[in-house]
Amino acid sequence: MPAYQSFLSGCHPHPMSNVLSVSGLSKTYESGFQALKNIDLEIEKGELFALLGPNGAGKTTLIGIICGIVNPTSGTVTVDGHDIISDYRAARSKIGLVPQELSTDAFETVWATVSFSRGLFGKKPDPAHLERVLRDLSLWEKRDSKIITLSGGMKRRVLIAKALSHEPEILFLDEPTAGVDVELRRDMWRLISSLRETGVTVILTTHYIEEAEEMADRVGVINHGEIVLVEEKQELMRKLGRKQLRLCLQHPLDAVPESLASYELELSADGSYLTYTYETAQNRKGITSLLHDLTEAGIRFSDIETRESTLEEIFVSLVHEAA
Amino acid sequence: MNIYAIRAIYKFEMARTARTLMQSILAPVLSTTLYFVVFGSAIGSRIDEVGGVSYGAFIVPGLVMLSLLTQSVTNAAFGIYFPKFTGTIFEHLSAPVSFLEIVIAYVGAAATKSVILGVIILATATLFVPLRIEHPLWMVTFLVLTAVTFSMFGFIIGIWADGFEKLQIVPLLIITPLTFLGGSFYSIDMLPPFWQKVTLFNPVVYLISGFRWSFYGIADVSVTISLIMTALFLIVCLAAIWWIFKTGWRLKS
(Lines give C-alpha, C1' and ligand atoms only; values in the text may rest on other atoms or scores of the structure.)
Protein backbone atom coordinates (compact mmCIF):
# COMPACT_ATOMS: atom_id res chain seq x y z
CA MET A 1 0.00 0.00 0.00
CA PRO A 2 1.41 3.41 -0.90
CA ALA A 3 2.72 5.31 2.06
CA TYR A 4 0.32 8.21 1.72
CA GLN A 5 -2.72 5.98 2.11
CA SER A 6 -1.63 4.59 5.41
CA PHE A 7 -0.78 8.09 6.43
CA LEU A 8 -4.25 9.28 5.51
CA SER A 9 -6.06 6.59 7.40
CA GLY A 10 -3.89 7.26 10.37
CA CYS A 11 -4.51 10.95 10.37
CA HIS A 12 -8.25 11.24 9.98
CA PRO A 13 -10.41 9.65 12.64
CA HIS A 14 -13.34 10.03 10.23
CA PRO A 15 -12.04 9.31 6.76
CA MET A 16 -13.37 11.83 4.27
CA SER A 17 -14.95 10.72 1.03
CA ASN A 18 -12.71 10.77 -2.00
CA VAL A 19 -14.00 12.83 -4.86
CA LEU A 20 -11.27 11.83 -7.28
CA SER A 21 -9.52 8.52 -7.49
CA VAL A 22 -6.60 7.80 -9.81
CA SER A 23 -5.20 4.30 -9.91
CA GLY A 24 -2.37 2.76 -11.87
CA LEU A 25 -2.42 5.59 -14.38
CA SER A 26 0.28 5.57 -17.04
CA LYS A 27 0.78 7.58 -20.16
CA THR A 28 3.26 6.98 -22.93
CA TYR A 29 3.12 9.45 -25.80
CA GLU A 30 3.51 8.32 -29.40
CA SER A 31 7.03 9.67 -29.36
CA GLY A 32 7.79 7.00 -26.77
CA PHE A 33 8.08 9.52 -23.96
CA GLN A 34 6.61 8.13 -20.76
CA ALA A 35 4.94 11.10 -19.10
CA LEU A 36 3.22 9.22 -16.27
CA LYS A 37 4.31 6.02 -14.56
CA ASN A 38 1.70 4.12 -12.60
CA ILE A 39 0.18 7.05 -10.73
CA ASP A 40 -2.06 6.48 -7.71
CA LEU A 41 -3.77 9.47 -6.16
CA GLU A 42 -6.81 10.10 -3.99
CA ILE A 43 -8.29 13.55 -3.60
CA GLU A 44 -10.66 14.30 -0.75
CA LYS A 45 -13.85 16.25 -1.16
CA GLY A 46 -13.42 19.92 -0.35
CA GLU A 47 -9.66 19.99 0.02
CA LEU A 48 -7.17 22.23 -1.68
CA PHE A 49 -4.54 19.98 -3.16
CA ALA A 50 -1.35 21.33 -4.64
CA LEU A 51 0.50 19.21 -7.17
CA LEU A 52 4.08 20.35 -7.19
CA GLY A 53 6.67 19.45 -9.72
CA PRO A 54 9.31 20.90 -11.98
CA ASN A 55 8.50 21.66 -15.62
CA GLY A 56 7.89 18.50 -17.62
CA ALA A 57 7.19 16.37 -14.53
CA GLY A 58 3.79 15.23 -15.82
CA LYS A 59 1.44 17.65 -14.05
CA THR A 60 -0.38 18.83 -17.15
CA THR A 61 -0.58 15.31 -18.60
CA LEU A 62 -2.19 14.06 -15.38
CA ILE A 63 -4.78 16.85 -15.44
CA GLY A 64 -5.28 16.35 -19.17
CA ILE A 65 -6.18 12.70 -18.69
CA ILE A 66 -8.56 13.38 -15.81
CA CYS A 67 -10.33 16.07 -17.83
CA GLY A 68 -10.58 14.05 -21.06
CA ILE A 69 -8.05 15.92 -23.18
CA VAL A 70 -5.36 13.25 -23.19
CA ASN A 71 -5.94 9.53 -23.69
CA PRO A 72 -4.55 7.38 -20.89
CA THR A 73 -2.32 4.45 -21.86
CA SER A 74 -3.44 2.38 -18.89
CA GLY A 75 -5.06 2.76 -15.51
CA THR A 76 -8.37 4.15 -14.31
CA VAL A 77 -9.70 7.46 -13.05
CA THR A 78 -13.04 7.93 -11.33
CA VAL A 79 -14.66 11.24 -10.48
CA ASP A 80 -17.15 10.94 -7.66
CA GLY A 81 -17.44 7.26 -8.57
CA HIS A 82 -17.89 7.85 -12.30
CA ASP A 83 -15.31 6.38 -14.65
CA ILE A 84 -13.88 9.11 -16.90
CA ILE A 85 -14.21 6.96 -20.01
CA SER A 86 -17.24 4.69 -19.67
CA ASP A 87 -19.25 7.31 -17.76
CA TYR A 88 -17.61 10.44 -19.18
CA ARG A 89 -20.72 12.57 -19.15
CA ALA A 90 -21.29 12.30 -15.41
CA ALA A 91 -17.56 12.56 -14.67
CA ARG A 92 -16.86 15.58 -16.84
CA SER A 93 -19.92 17.56 -15.78
CA LYS A 94 -18.41 17.72 -12.28
CA ILE A 95 -15.09 19.13 -13.44
CA GLY A 96 -14.03 22.65 -14.27
CA LEU A 97 -10.66 23.16 -15.92
CA VAL A 98 -8.57 26.30 -16.08
CA PRO A 99 -5.75 25.48 -18.48
CA GLN A 100 -2.23 26.78 -18.28
CA GLU A 101 -2.28 28.40 -21.70
CA LEU A 102 -4.39 31.52 -22.12
CA SER A 103 -6.54 29.82 -24.75
CA THR A 104 -9.55 32.04 -25.24
CA ASP A 105 -11.67 33.18 -28.12
CA ALA A 106 -10.66 36.60 -29.33
CA PHE A 107 -13.77 38.22 -30.73
CA GLU A 108 -16.37 36.94 -28.30
CA THR A 109 -17.48 39.08 -25.39
CA VAL A 110 -16.83 37.97 -21.82
CA TRP A 111 -20.53 37.39 -21.29
CA ALA A 112 -20.89 35.33 -24.49
CA THR A 113 -17.94 33.13 -23.65
CA VAL A 114 -19.09 32.28 -20.12
CA SER A 115 -22.61 31.62 -21.42
CA PHE A 116 -21.06 29.33 -24.02
CA SER A 117 -19.15 27.36 -21.40
CA ARG A 118 -22.23 26.91 -19.25
CA GLY A 119 -24.17 25.61 -22.22
CA LEU A 120 -21.37 23.33 -23.35
CA PHE A 121 -21.45 21.62 -19.96
CA GLY A 122 -25.17 21.00 -20.32
CA LYS A 123 -26.39 23.48 -17.75
CA LYS A 124 -29.51 25.50 -18.48
CA PRO A 125 -28.99 29.27 -18.74
CA ASP A 126 -28.72 31.05 -15.40
CA PRO A 127 -27.82 34.73 -15.84
CA ALA A 128 -27.89 35.29 -12.07
CA HIS A 129 -25.20 32.68 -11.51
CA LEU A 130 -23.05 34.04 -14.30
CA GLU A 131 -23.40 37.54 -12.89
CA ARG A 132 -22.24 36.29 -9.47
CA VAL A 133 -19.23 34.58 -11.00
CA LEU A 134 -18.27 37.64 -13.02
CA ARG A 135 -18.70 39.95 -10.05
CA ASP A 136 -16.59 37.68 -7.82
CA LEU A 137 -13.84 37.80 -10.40
CA SER A 138 -14.15 41.57 -10.91
CA LEU A 139 -15.15 40.94 -14.52
CA TRP A 140 -18.67 42.31 -14.36
CA GLU A 141 -17.67 45.71 -15.71
CA LYS A 142 -15.95 43.96 -18.60
CA ARG A 143 -18.84 41.68 -19.52
CA ASP A 144 -19.45 43.38 -22.88
CA SER A 145 -15.78 43.70 -23.77
CA LYS A 146 -14.27 41.49 -26.41
CA ILE A 147 -11.74 39.12 -24.88
CA ILE A 148 -9.00 40.29 -27.23
CA THR A 149 -9.09 43.72 -25.55
CA LEU A 150 -8.37 42.31 -22.07
CA SER A 151 -5.01 42.09 -20.32
CA GLY A 152 -3.33 38.75 -19.60
CA GLY A 153 -4.47 38.79 -15.98
CA MET A 154 -8.04 39.49 -17.04
CA LYS A 155 -7.92 36.69 -19.59
CA ARG A 156 -6.84 34.34 -16.80
CA ARG A 157 -9.90 35.47 -14.84
CA VAL A 158 -12.10 34.87 -17.87
CA LEU A 159 -10.80 31.30 -18.04
CA ILE A 160 -11.61 30.84 -14.35
CA ALA A 161 -15.06 32.35 -14.92
CA LYS A 162 -15.65 29.92 -17.80
CA ALA A 163 -14.72 27.00 -15.57
CA LEU A 164 -16.96 28.23 -12.75
CA SER A 165 -19.86 29.04 -15.06
CA HIS A 166 -21.06 25.44 -14.97
CA GLU A 167 -20.82 25.01 -11.20
CA PRO A 168 -18.13 22.33 -11.02
CA GLU A 169 -17.50 20.30 -7.87
CA ILE A 170 -13.84 19.92 -8.70
CA LEU A 171 -11.79 22.75 -10.10
CA PHE A 172 -8.44 22.16 -11.77
CA LEU A 173 -6.13 25.11 -11.98
CA ASP A 174 -3.10 24.35 -14.10
CA GLU A 175 -0.39 26.83 -13.13
CA PRO A 176 -2.89 29.57 -12.28
CA THR A 177 -0.26 32.17 -11.58
CA ALA A 178 2.29 31.39 -14.27
CA GLY A 179 3.41 34.66 -15.81
CA VAL A 180 1.28 36.73 -13.45
CA ASP A 181 2.79 39.64 -11.56
CA VAL A 182 3.26 39.51 -7.80
CA GLU A 183 0.24 41.61 -6.88
CA LEU A 184 -2.08 39.70 -9.16
CA ARG A 185 -0.68 36.45 -7.81
CA ARG A 186 -1.72 37.48 -4.29
CA ASP A 187 -5.14 38.36 -5.70
CA MET A 188 -5.37 34.98 -7.32
CA TRP A 189 -4.46 33.22 -4.07
CA ARG A 190 -7.18 35.09 -2.21
CA LEU A 191 -9.60 34.15 -4.93
CA ILE A 192 -8.65 30.47 -4.88
CA SER A 193 -8.87 30.33 -1.11
CA SER A 194 -12.33 31.88 -1.24
CA LEU A 195 -13.38 29.28 -3.81
CA ARG A 196 -12.56 26.52 -1.43
CA GLU A 197 -14.83 28.07 1.15
CA THR A 198 -17.73 27.47 -1.22
CA GLY A 199 -17.07 23.74 -0.93
CA VAL A 200 -15.37 23.26 -4.27
CA THR A 201 -12.47 20.82 -4.32
CA VAL A 202 -9.49 22.62 -5.77
CA ILE A 203 -6.52 20.92 -7.38
CA LEU A 204 -3.80 23.23 -8.54
CA THR A 205 -0.51 22.55 -10.15
CA THR A 206 2.35 24.87 -9.63
CA HIS A 207 6.05 25.11 -9.57
CA TYR A 208 5.89 28.10 -7.25
CA ILE A 209 6.43 26.43 -3.91
CA GLU A 210 5.26 29.56 -2.17
CA GLU A 211 1.87 29.03 -3.70
CA ALA A 212 1.46 25.57 -2.23
CA GLU A 213 2.85 26.74 1.08
CA GLU A 214 0.36 29.59 1.19
CA MET A 215 -2.82 27.72 0.32
CA ALA A 216 -2.68 23.94 0.17
CA ASP A 217 -4.11 21.47 2.67
CA ARG A 218 -2.14 18.68 1.12
CA VAL A 219 0.80 18.65 -1.20
CA GLY A 220 1.72 16.07 -3.80
CA VAL A 221 5.11 16.10 -5.41
CA ILE A 222 5.46 14.70 -8.91
CA ASN A 223 8.73 14.23 -10.71
CA HIS A 224 9.66 12.27 -13.84
CA GLY A 225 6.05 11.05 -14.10
CA GLU A 226 5.96 9.57 -10.63
CA ILE A 227 4.27 10.75 -7.48
CA VAL A 228 7.18 11.13 -5.12
CA LEU A 229 5.02 11.84 -2.11
CA VAL A 230 1.61 12.98 -0.92
CA GLU A 231 1.35 14.50 2.50
CA GLU A 232 -0.54 17.07 4.52
CA LYS A 233 1.37 20.29 4.18
CA GLN A 234 1.88 20.81 7.92
CA GLU A 235 2.89 17.20 8.39
CA LEU A 236 5.25 17.38 5.44
CA MET A 237 6.95 20.41 6.86
CA ARG A 238 7.15 18.82 10.27
CA LYS A 239 8.42 15.47 8.99
CA LEU A 240 10.84 16.59 6.38
CA GLY A 241 11.57 20.05 7.55
CA ARG A 242 14.98 20.83 8.97
CA LYS A 243 15.90 23.39 11.52
CA GLN A 244 19.13 25.20 11.71
CA LEU A 245 20.74 26.71 14.74
CA ARG A 246 23.26 29.39 13.98
CA LEU A 247 25.73 30.46 16.63
CA CYS A 248 27.52 33.77 16.31
CA LEU A 249 30.90 33.32 18.01
CA GLN A 250 32.60 35.88 20.20
CA HIS A 251 36.03 34.75 18.95
CA PRO A 252 36.44 33.28 15.47
CA LEU A 253 37.59 29.65 15.28
CA ASP A 254 40.11 28.06 12.92
CA ALA A 255 38.46 24.66 13.10
CA VAL A 256 35.66 22.84 14.92
CA PRO A 257 37.11 21.19 18.04
CA GLU A 258 37.41 17.36 17.93
CA SER A 259 35.12 17.02 20.93
CA LEU A 260 32.21 18.45 18.88
CA ALA A 261 32.73 16.27 15.78
CA SER A 262 29.57 14.19 16.40
CA TYR A 263 27.34 17.26 15.87
CA GLU A 264 28.58 17.72 12.29
CA LEU A 265 28.78 21.45 12.77
CA GLU A 266 29.58 23.70 9.88
CA LEU A 267 32.01 26.51 10.39
CA SER A 268 31.59 29.60 8.23
CA ALA A 269 34.50 30.63 6.02
CA ASP A 270 35.58 33.45 8.28
CA GLY A 271 35.22 31.24 11.33
CA SER A 272 32.70 33.52 13.06
CA TYR A 273 29.60 31.30 12.76
CA LEU A 274 28.80 27.73 13.63
CA THR A 275 25.73 26.13 12.05
CA TYR A 276 24.00 23.10 13.51
CA THR A 277 21.35 21.35 11.38
CA TYR A 278 18.78 19.00 12.90
CA GLU A 279 15.60 17.29 11.80
CA THR A 280 12.46 18.92 13.11
CA ALA A 281 10.85 15.59 13.83
CA GLN A 282 13.67 14.20 15.94
CA ASN A 283 13.99 14.84 19.61
CA ARG A 284 15.58 18.12 20.35
CA LYS A 285 17.70 17.24 23.32
CA GLY A 286 20.61 17.59 20.93
CA ILE A 287 20.56 21.32 21.37
CA THR A 288 20.92 21.21 25.12
CA SER A 289 23.88 18.87 24.95
CA LEU A 290 25.41 20.85 22.10
CA LEU A 291 25.25 24.07 24.10
CA HIS A 292 26.67 22.23 27.07
CA ASP A 293 29.52 20.75 25.05
CA LEU A 294 30.27 24.12 23.49
CA THR A 295 30.65 25.68 26.92
CA GLU A 296 32.86 22.76 27.96
CA ALA A 297 35.06 23.41 24.91
CA GLY A 298 35.35 27.03 25.98
CA ILE A 299 33.50 28.43 23.00
CA ARG A 300 31.53 31.59 23.78
CA PHE A 301 28.85 32.90 21.54
CA SER A 302 27.28 36.33 21.21
CA ASP A 303 24.03 35.42 19.45
CA ILE A 304 21.82 32.45 18.64
CA GLU A 305 19.47 32.23 15.68
CA THR A 306 17.22 29.42 14.45
CA ARG A 307 15.49 29.03 11.14
CA GLU A 308 13.11 26.44 9.71
CA SER A 309 13.41 25.08 6.18
CA THR A 310 10.73 26.20 3.77
CA LEU A 311 8.64 23.97 1.58
CA GLU A 312 10.86 25.08 -1.26
CA GLU A 313 13.93 23.54 0.32
CA ILE A 314 11.98 20.38 1.11
CA PHE A 315 10.82 20.22 -2.47
CA VAL A 316 14.25 20.74 -3.92
CA SER A 317 15.73 18.02 -1.74
CA LEU A 318 12.92 15.61 -2.70
CA VAL A 319 13.28 16.23 -6.38
CA HIS A 320 17.02 15.76 -6.15
CA GLU A 321 16.64 12.53 -4.24
CA ALA A 322 14.29 11.17 -6.88
CA ALA A 323 16.48 12.25 -9.77
CA MET B 1 -28.63 14.42 -25.28
CA ASN B 2 -26.84 17.59 -24.21
CA ILE B 3 -29.17 20.04 -25.96
CA TYR B 4 -27.62 23.06 -24.23
CA ALA B 5 -24.21 22.18 -25.64
CA ILE B 6 -25.55 21.81 -29.17
CA ARG B 7 -27.27 25.17 -28.81
CA ALA B 8 -24.14 26.82 -27.41
CA ILE B 9 -21.88 25.67 -30.24
CA TYR B 10 -24.48 26.37 -32.91
CA LYS B 11 -25.02 29.88 -31.59
CA PHE B 12 -21.26 30.45 -31.40
CA GLU B 13 -20.80 29.37 -35.01
CA MET B 14 -23.68 31.46 -36.29
CA ALA B 15 -22.30 34.48 -34.44
CA ARG B 16 -18.99 33.88 -36.20
CA THR B 17 -20.84 33.85 -39.53
CA ALA B 18 -22.53 37.12 -38.65
CA ARG B 19 -19.17 38.68 -37.85
CA THR B 20 -17.75 37.62 -41.21
CA LEU B 21 -20.75 38.43 -43.34
CA MET B 22 -18.72 39.97 -46.16
CA GLN B 23 -16.49 36.97 -46.54
CA SER B 24 -19.07 34.29 -45.94
CA ILE B 25 -22.10 35.55 -47.84
CA LEU B 26 -21.25 38.48 -50.07
CA ALA B 27 -18.08 37.04 -51.62
CA PRO B 28 -19.68 33.80 -52.90
CA VAL B 29 -22.73 35.71 -54.14
CA LEU B 30 -20.48 38.07 -56.07
CA SER B 31 -18.43 35.29 -57.64
CA THR B 32 -21.58 33.41 -58.65
CA THR B 33 -22.98 36.56 -60.19
CA LEU B 34 -19.80 36.81 -62.25
CA TYR B 35 -20.34 33.24 -63.50
CA PHE B 36 -23.86 34.18 -64.56
CA VAL B 37 -22.64 37.21 -66.42
CA VAL B 38 -19.78 35.41 -68.17
CA PHE B 39 -21.19 31.92 -68.81
CA GLY B 40 -24.88 32.59 -68.63
CA SER B 41 -25.25 35.81 -70.56
CA ALA B 42 -22.08 36.50 -72.56
CA ILE B 43 -21.06 32.99 -73.69
CA GLY B 44 -24.37 31.29 -72.94
CA SER B 45 -26.25 33.37 -75.49
CA ARG B 46 -24.22 31.59 -78.19
CA ILE B 47 -24.83 28.09 -76.84
CA ASP B 48 -27.85 25.98 -77.80
CA GLU B 49 -30.49 24.88 -75.36
CA VAL B 50 -29.66 21.81 -73.29
CA GLY B 51 -32.55 19.34 -72.99
CA GLY B 52 -35.01 22.07 -73.80
CA VAL B 53 -33.60 24.46 -71.21
CA SER B 54 -31.73 27.65 -72.09
CA TYR B 55 -28.03 27.39 -71.26
CA GLY B 56 -28.22 30.26 -68.77
CA ALA B 57 -30.97 28.50 -66.84
CA PHE B 58 -29.27 25.10 -67.26
CA ILE B 59 -26.17 26.15 -65.32
CA VAL B 60 -28.09 27.61 -62.35
CA PRO B 61 -28.33 24.34 -60.34
CA GLY B 62 -24.66 23.63 -61.09
CA LEU B 63 -23.61 27.08 -59.90
CA VAL B 64 -25.64 26.74 -56.72
CA MET B 65 -23.98 23.37 -56.11
CA LEU B 66 -20.54 24.84 -56.79
CA SER B 67 -21.04 27.42 -54.04
CA LEU B 68 -22.82 25.00 -51.75
CA LEU B 69 -20.02 22.42 -51.92
CA THR B 70 -17.06 24.75 -51.55
CA GLN B 71 -18.71 26.86 -48.86
CA SER B 72 -19.92 23.86 -46.86
CA VAL B 73 -16.46 22.35 -46.84
CA THR B 74 -14.60 25.59 -46.14
CA ASN B 75 -16.98 26.78 -43.49
CA ALA B 76 -17.19 23.55 -41.53
CA ALA B 77 -13.45 22.97 -41.84
CA PHE B 78 -12.67 26.41 -40.51
CA GLY B 79 -15.26 26.08 -37.73
CA ILE B 80 -13.51 23.13 -36.10
CA TYR B 81 -9.97 24.04 -37.18
CA PHE B 82 -10.04 27.41 -35.43
CA PRO B 83 -10.57 26.10 -31.87
CA LYS B 84 -7.75 23.65 -32.57
CA PHE B 85 -5.56 26.51 -33.73
CA THR B 86 -6.29 28.82 -30.79
CA GLY B 87 -6.33 25.99 -28.24
CA THR B 88 -9.91 26.58 -27.12
CA ILE B 89 -10.71 23.02 -28.24
CA PHE B 90 -9.68 21.92 -24.73
CA GLU B 91 -13.10 23.03 -23.59
CA HIS B 92 -14.97 20.90 -26.12
CA LEU B 93 -12.84 17.88 -25.25
CA SER B 94 -13.33 18.30 -21.51
CA ALA B 95 -17.08 18.94 -21.76
CA PRO B 96 -19.74 16.29 -21.25
CA VAL B 97 -20.63 16.17 -24.95
CA SER B 98 -20.74 13.23 -27.33
CA PHE B 99 -19.25 13.23 -30.81
CA LEU B 100 -22.75 13.28 -32.24
CA GLU B 101 -23.65 16.45 -30.36
CA ILE B 102 -20.49 18.20 -31.52
CA VAL B 103 -21.16 17.11 -35.10
CA ILE B 104 -24.81 18.16 -35.01
CA ALA B 105 -23.81 21.59 -33.75
CA TYR B 106 -20.85 22.31 -36.04
CA VAL B 107 -22.26 20.63 -39.14
CA GLY B 108 -25.69 22.06 -38.44
CA ALA B 109 -24.30 25.59 -38.30
CA ALA B 110 -22.15 25.15 -41.41
CA ALA B 111 -25.03 23.59 -43.34
CA THR B 112 -27.41 26.33 -42.23
CA LYS B 113 -25.07 28.92 -43.62
CA SER B 114 -24.64 27.01 -46.89
CA VAL B 115 -28.38 26.63 -47.36
CA ILE B 116 -28.92 30.35 -46.74
CA LEU B 117 -26.19 31.02 -49.28
CA GLY B 118 -27.75 28.62 -51.79
CA VAL B 119 -31.10 30.36 -51.46
CA ILE B 120 -29.52 33.80 -51.92
CA ILE B 121 -27.73 32.59 -55.05
CA LEU B 122 -30.96 31.15 -56.42
CA ALA B 123 -32.68 34.45 -55.77
CA THR B 124 -29.84 36.26 -57.51
CA ALA B 125 -30.13 33.89 -60.48
CA THR B 126 -33.75 34.88 -61.05
CA LEU B 127 -32.45 38.36 -61.89
CA PHE B 128 -30.56 36.93 -64.86
CA VAL B 129 -32.51 33.92 -66.12
CA PRO B 130 -36.09 32.67 -65.97
CA LEU B 131 -36.08 29.95 -63.34
CA ARG B 132 -38.53 27.11 -62.91
CA ILE B 133 -38.54 24.52 -60.15
CA GLU B 134 -40.53 21.39 -61.01
CA HIS B 135 -39.98 19.51 -57.76
CA PRO B 136 -39.51 22.12 -55.01
CA LEU B 137 -39.59 19.55 -52.20
CA TRP B 138 -36.85 17.49 -53.83
CA MET B 139 -34.94 20.66 -54.57
CA VAL B 140 -34.90 21.49 -50.83
CA THR B 141 -34.05 17.88 -49.96
CA PHE B 142 -31.01 17.85 -52.27
CA LEU B 143 -29.98 21.29 -51.06
CA VAL B 144 -30.07 20.31 -47.38
CA LEU B 145 -28.66 16.82 -47.89
CA THR B 146 -25.72 18.14 -49.89
CA ALA B 147 -25.04 20.97 -47.44
CA VAL B 148 -25.06 18.54 -44.50
CA THR B 149 -22.93 15.90 -46.23
CA PHE B 150 -20.24 18.29 -47.39
CA SER B 151 -20.22 20.17 -44.12
CA MET B 152 -19.41 16.83 -42.53
CA PHE B 153 -16.67 16.30 -45.06
CA GLY B 154 -15.37 19.78 -44.26
CA PHE B 155 -15.50 18.99 -40.54
CA ILE B 156 -13.20 16.01 -41.18
CA ILE B 157 -10.86 18.23 -43.23
CA GLY B 158 -10.77 20.72 -40.35
CA ILE B 159 -9.74 18.02 -37.90
CA TRP B 160 -7.20 16.57 -40.33
CA ALA B 161 -5.63 19.94 -41.16
CA ASP B 162 -2.64 20.95 -39.07
CA GLY B 163 -2.04 24.23 -40.85
CA PHE B 164 -3.89 26.86 -42.83
CA GLU B 165 -2.51 25.50 -46.09
CA LYS B 166 -4.10 22.09 -45.68
CA LEU B 167 -7.33 23.83 -44.83
CA GLN B 168 -7.31 25.43 -48.29
CA ILE B 169 -5.90 22.53 -50.29
CA VAL B 170 -8.94 20.27 -50.28
CA PRO B 171 -11.55 22.85 -51.31
CA LEU B 172 -9.24 24.31 -53.95
CA LEU B 173 -7.60 21.21 -55.37
CA ILE B 174 -10.35 18.63 -54.96
CA ILE B 175 -13.79 20.12 -54.50
CA THR B 176 -13.54 22.87 -57.13
CA PRO B 177 -12.20 20.59 -59.93
CA LEU B 178 -14.70 17.84 -59.10
CA THR B 179 -17.54 20.36 -59.24
CA PHE B 180 -16.37 21.92 -62.51
CA LEU B 181 -15.96 18.44 -64.00
CA GLY B 182 -19.15 17.20 -62.38
CA GLY B 183 -21.45 18.81 -64.90
CA SER B 184 -21.95 22.28 -63.45
CA PHE B 185 -21.61 23.83 -66.86
CA TYR B 186 -22.50 20.94 -69.20
CA SER B 187 -24.55 17.82 -69.50
CA ILE B 188 -22.55 14.61 -69.29
CA ASP B 189 -23.73 13.42 -72.71
CA MET B 190 -21.89 16.38 -74.24
CA LEU B 191 -18.69 14.47 -73.35
CA PRO B 192 -17.00 11.76 -75.47
CA PRO B 193 -18.18 8.24 -74.40
CA PHE B 194 -14.93 7.39 -72.56
CA TRP B 195 -15.09 10.51 -70.40
CA GLN B 196 -18.76 9.90 -69.73
CA LYS B 197 -17.71 6.65 -68.01
CA VAL B 198 -14.86 8.31 -66.09
CA THR B 199 -17.17 11.06 -64.91
CA LEU B 200 -19.38 8.52 -63.16
CA PHE B 201 -16.62 8.07 -60.57
CA ASN B 202 -17.03 11.71 -59.61
CA PRO B 203 -19.48 11.84 -56.67
CA VAL B 204 -20.39 15.43 -57.46
CA VAL B 205 -22.00 14.31 -60.75
CA TYR B 206 -24.77 12.63 -58.77
CA LEU B 207 -25.40 15.71 -56.65
CA ILE B 208 -25.61 18.10 -59.56
CA SER B 209 -27.64 15.71 -61.66
CA GLY B 210 -30.18 15.14 -58.90
CA PHE B 211 -30.34 18.80 -58.05
CA ARG B 212 -30.84 19.80 -61.69
CA TRP B 213 -33.57 17.20 -62.07
CA SER B 214 -35.52 18.87 -59.25
CA PHE B 215 -35.50 22.07 -61.32
CA TYR B 216 -36.10 20.93 -64.90
CA GLY B 217 -36.94 17.24 -64.70
CA ILE B 218 -33.83 16.36 -66.74
CA ALA B 219 -31.03 14.27 -65.28
CA ASP B 220 -27.75 12.66 -66.35
CA VAL B 221 -28.19 9.75 -63.94
CA SER B 222 -31.29 8.40 -62.24
CA VAL B 223 -32.53 10.39 -59.25
CA THR B 224 -32.63 7.27 -57.07
CA ILE B 225 -28.93 6.67 -57.69
CA SER B 226 -28.25 10.34 -56.95
CA LEU B 227 -29.98 10.02 -53.59
CA ILE B 228 -28.28 6.73 -52.72
CA MET B 229 -24.84 8.10 -53.58
CA THR B 230 -25.38 11.21 -51.48
CA ALA B 231 -26.67 9.19 -48.53
CA LEU B 232 -23.74 6.80 -48.88
CA PHE B 233 -21.24 9.64 -48.73
CA LEU B 234 -23.04 11.03 -45.70
CA ILE B 235 -22.79 7.70 -43.88
CA VAL B 236 -19.10 7.34 -44.72
CA CYS B 237 -18.40 10.83 -43.32
CA LEU B 238 -20.39 10.14 -40.18
CA ALA B 239 -18.53 6.89 -39.60
CA ALA B 240 -15.21 8.67 -40.08
CA ILE B 241 -16.15 11.32 -37.52
CA TRP B 242 -17.30 8.67 -35.06
CA TRP B 243 -13.91 7.00 -35.41
CA ILE B 244 -12.09 10.32 -34.99
CA PHE B 245 -13.80 11.07 -31.69
CA LYS B 246 -13.47 7.50 -30.50
CA THR B 247 -9.71 7.43 -31.00
CA GLY B 248 -9.07 11.13 -30.52
CA TRP B 249 -7.21 11.22 -33.86
CA ARG B 250 -5.69 14.69 -34.33
CA LEU B 251 -7.66 15.88 -31.31
CA LYS B 252 -6.11 14.15 -28.31
CA SER B 253 -2.56 13.06 -27.70
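Which residues of strand β6 (residues 95-98) of chain A point one way, and which point the other way? In this predicted model, Ile95(A) and Leu97(A) point one way from β6, while Gly96(A) and Val98(A) point the other way, and all of them are buried. This arrangement can be read against a general pattern, since in a regular strand the side chains alternate between the two faces of the sheet.

The pairing of this strand comes next. Strand β6(A) is joined by four bridges to strand β7 (residues 170-174) of chain A, and the two strands run parallel. Within β7(A), it is Phe172(A) that serves as the bridge partner of Leu97(A).

From there the reader may turn to chain B, where Glu91(B) lies in helix α4 (residues 89-94). Glu91(B) counts as buried because its relative accessible area is 6%, under the 20% limit that defines the term. The side chain of Glu91(B) is joined to that of Ser117(A) by a polar contact of 2.3 Å. Leaving aside residues up to four places away in sequence, Glu91(B) touches Phe116(A), Ser117(A), Leu120(A), Phe121(A) and Lys162(A).

Chain B also carries an annotation from UniProt: an unreviewed entry there assigns "transmembrane region" to several stretches of the chain, among them residues 21-43 and residues 167-188. Over residues 21-43 of chain B, the model is 100% helix and 0% strand, with the end C-alpha atoms 31 Å apart. Over residues 167-188 of chain B, the chain is 82% helix and 0% strand, and the C-alpha atoms at the ends are 30 Å apart.

Terms used:
Residues are numbered from 1 along each chain as its sequence is written. Chains are lettered from A and ligands numbered from 1 in the order in which they are written. This is a predicted model: local features need pLDDT of at least 70, side-chain atom pairs count only at pLDDT 80 or more; totals for chains, interfaces and linings use all residues. Side-chain values use heavy atoms; hydrogens and water are left out. UniProt positions are given in the numbering used here, feature names are shortened, and annotations may be inferred rather than shown by experiment. Buried means under 20% relative accessible area, exposed over 50%, partly exposed in between (1.4 Å probe, protein chains only). Two strands pair if DSSP finds at least two bridges between them. A polar contact is a pair of N or O atoms within 3.5 Å; within protein, one must be able to donate a hydrogen and the other to accept it, and residues adjacent in sequence count only if both atoms are side-chain atoms. Contact means heavy atoms within 4.5 Å.
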